[in-house]
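This report describes strands, a pocket, a nonpolar core and salt bridges in one structure. The sequence and the model are shown first, and the terms are explained as they come up.

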Amino acid sequence: AAPEGPSAAGRAAAPPPLQKDLEEVKELLTKATRKRLRDVLMTEKHKLELEIKNQPPPKPKDVAEEDKSLLGGYTVKINNYGWDQSDKFIKIYISLNGVQKLPAENVQVNFTERSFDLLVKNLNGKNYTMTFNNLLKPISVEGSSKKVSPCHCQHDP
């Protein structure tokens, strides 16, 4: 089964399409008698379970509604960033003028084992977003964090 797209509904804890796929695979496993077919079904079952497990938890409705009210202006996709990687860490550097003056809750990062989403809300009347899906290796969700620092860069007029 193909993975669902990154729509709002697709990010729920266990989206109905994924859950239904998993239930059907389990049902087929009870009926399959050929080893090769059982192996294929077991592999698909494990993939679906992992995909469901790695979905971010759903937001309570009141928080989701509050997020919508905080979003002002339009959303800009962040394409300009720096990347630093070692054996233990990955660091992403993004320059947005004035971000350090925003309230902490306006800078949100959601980490999963293989992805992260960044949302900067209402910075100079715009929202900024960056999404990295399908990271090469798993990351530690618990060990991941964000840090907002003042810009130390020189800008030419």
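Two strands pair if DSSP finds at least two bridges between them, and the elements themselves are DSSP runs numbered from the N terminus, with helices (H or I) of at least four residues and strands (E) of at least two. The model is predicted, so that local features need pLDDT of at least 70 and side-chain atom pairs count only at pLDDT 80 or more, while totals for chains, interfaces and linings use all residues. Residues are numbered from 1 along each chain as its sequence is written, and side-chain values use heavy atoms, with hydrogens and water left out.

**Strand pairing**

β4 and β5 pair in the antiparallel sense over six bridges, and in this pairing Asn-110 stands opposite Asp-117 in β5. The connection from β4 to β5 is a hairpin through two residues. β5 also pairs with strand β6 (residues 126–132), again in the antiparallel sense and over six bridges, with Leu-118 standing opposite Met-130 in β6. These two strands form a hairpin with two residues between them, and Asn-124 in the turn has a positive phi of about 55 degrees.

Burial is judged here by relative accessible area: buried means under 20%, exposed over 50%, and partly exposed in between, with a 1.4 Å probe and protein chains only. Seven of the nine residues of β5 are buried, so this strand is largely enclosed by the rest of the structure.

A further antiparallel pair is made by β2 and β3, which four bridges join. Asp-84 has Lys-91 in β3 as its bridge partner, and the hairpin formed by β2 and β3 has four residues between the strands.

**The nonpolar core**

A nonpolar core is a set of buried Ala, Val, Leu, Ile, Met, Phe, Trp, Tyr and Cys residues joined through side-chain atoms within 4.5 Å. The largest such core has 13 residues, of which Leu-96, Val-99, Val-120 and Leu-123 touch the most other members. β5 and β6 each supply at least two residues of this core, and the largest share, four residues, comes from β5. In soluble globular proteins, nonpolar side chains tend to be buried together.

**The second largest pocket**

Pockets were sought on a 1 Å grid over the protein atoms alone: a pocket is an open set of points with protein on both sides within 12 Å along at least five of seven lines, in contrast to a cavity, where a 1.4 Å probe fits but cannot get out, and lining residues have an atom within 4 Å of a point. Grid points are joined across faces, edges and corners, and a volume is the space filled by probe spheres set on the points.

On this basis the second largest pocket has a volume of about 1,400 Å³. Its lining comprises 37 residues, and those nearest the centre of the pocket are Ile-90, Lys-91, Ile-92, Tyr-93 and Ser-145. The elements that give two or more residues to this lining are β2 (82–85), β3 (90–93), β4 (107–112) and β5 (115–123), with β3 giving the most, four residues. By class, the lining has 22 nonpolar, nine polar and six charged residues, where Ala, Val, Leu, Ile, Met, Phe, Trp, Tyr, Cys and Pro count as nonpolar, Asp, Glu, Lys and Arg as charged, and the others, Gly among them, as polar.

**Salt bridges in the helices**

A salt bridge is a side-chain nitrogen of Lys or Arg within 4 Å of a carboxyl oxygen of Asp or Glu, and by this rule the count comes to three.

| Salt bridge | Closest N to O |
|---|---|
| Lys-31 and Glu-27 | 3.5 Å |
| Asp-39 and Lys-35 | 2.8 Å |
| Glu-49 and Lys-45 | 3.3 Å |

Lys-31 and Glu-27 are four residues apart in helix α1 (residues 16–31), which separates them by about one helical turn. Lys-31 is exposed, with a relative accessible area of 57%, whereas Glu-27 is partly exposed at 41%.

Asp-39 and Lys-35 both lie in helix α2 (residues 35–53), four residues apart, about one turn of the helix. Asp-39 counts as partly exposed at 38% relative accessibility, and Lys-35 is exposed at 62%. Helix α2 also holds Glu-49 and Lys-45, likewise four residues apart. Glu-49 counts as partly exposed at 29% relative accessibility, but Lys-45 counts as buried at 17%.
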